[in-house]
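Colleague: Could you take me slowly through one part of this model, the place where the helices pack against each other? I would like a connected account that I can follow with the structure open beside me.

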Amino acid sequence: MQFEFSQAEMNDLIYAAREAAIRFKRARTEFRSGNKVYSQWNEEDLAERVAHYSKLEEKLVAQYESAFGEAW
């Protein structure tokens, strides 16, 4: 399935992936400091989420550059 996005939509997708990675990094920091709100998580799951969204951001940036011919 192929989707076509406008530049604005691609920007939103890239920013969303970046924000998700940042949120999981913050959650990992809170988990490490012992914040009980994050007790349902574990270190491995949080690291996997950070890696997933960081990789997704890189992939979206590459697609943006190939689709629009300019650096993001």
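Modeller: In this predicted model, the axes of α1 and α2 come within 9 Å and cross at roughly 160°. An angle over 145 degrees counts as roughly antiparallel, and α1 is therefore roughly antiparallel to α2. As for the sense of the crossing, α1 passes α2 in a left-handed manner. Sorted by class, the residues in the contact of α1 with α2 comprise 18 nonpolar ones, along with four polar and seven charged residues.

From the helix axes we can turn to the side chains. The largest nonpolar core is made up of six residues, namely Met10, Ile14, Ala17, Leu60, Val61 and Tyr64, and the elements that contribute two or more residues to this core are α1, spanning 7-32, and α2, spanning 43-68. A good residue to select on your screen is Leu60, which, when residues up to four places away in sequence are not counted, touches Met10, Leu13, Ile14 and Ala17.

A charged residue also deserves attention here, and that residue is Glu57, which lies in helix α2. Its relative accessibility is 14%, and because buried means under 20%, Glu57 counts as buried. If its neighbours within four places in sequence are left aside, Glu57 is in contact with Ile14, Ala17 and Arg18. Ile14 and Ala17 are thus touched by Leu60 and are also among the contacts of Glu57, while both belong to the nonpolar core described above.

For contrast, it helps to look at two residues that count as exposed. Glu44 also lies in helix α2, but its relative accessibility is 56%, and since exposed means over 50%, Glu44 counts as exposed. The C-alpha atoms of Glu44 and Arg28 are separated by 9.5 Å, although the two residues are 16 places apart along the chain.

The other residue is Ser33, which is found in the loop between α1 and α2 and, with a relative accessibility of 57%, counts as exposed as well. Between the C-alpha atoms of Ser33 and Glu9, which are 24 residues apart along the chain, the separation is 36 Å.

Methods. Residues are numbered from 1 along each chain as its sequence is written. This is a predicted model: local features need pLDDT of at least 70, side-chain atom pairs count only at pLDDT 80 or more; totals for chains, interfaces and linings use all residues. Side-chain values use heavy atoms; hydrogens and water are left out. A nonpolar core is a set of buried Ala, Val, Leu, Ile, Met, Phe, Trp, Tyr and Cys residues joined through side-chain atoms within 4.5 Å. Buried means under 20% relative accessible area, exposed over 50%, partly exposed in between (1.4 Å probe, protein chains only). Helices (H or I, at least four residues) and strands (E, at least two) are DSSP runs, numbered from the N terminus. Contact means heavy atoms within 4.5 Å. Axes are lines fitted to C-alpha atoms, for helices over the stretch in contact, and angles run from 0 to 180 degrees between N-to-C directions. Angles under 35 degrees count as roughly parallel, over 145 as roughly antiparallel, 65 to 115 as roughly perpendicular and the rest as oblique. A crossing is left-handed if the near helix is turned anticlockwise from the far one by less than a right angle, and right-handed if clockwise. Ala, Val, Leu, Ile, Met, Phe, Trp, Tyr, Cys and Pro count as nonpolar, Asp, Glu, Lys and Arg as charged, and the others, Gly among them, as polar.
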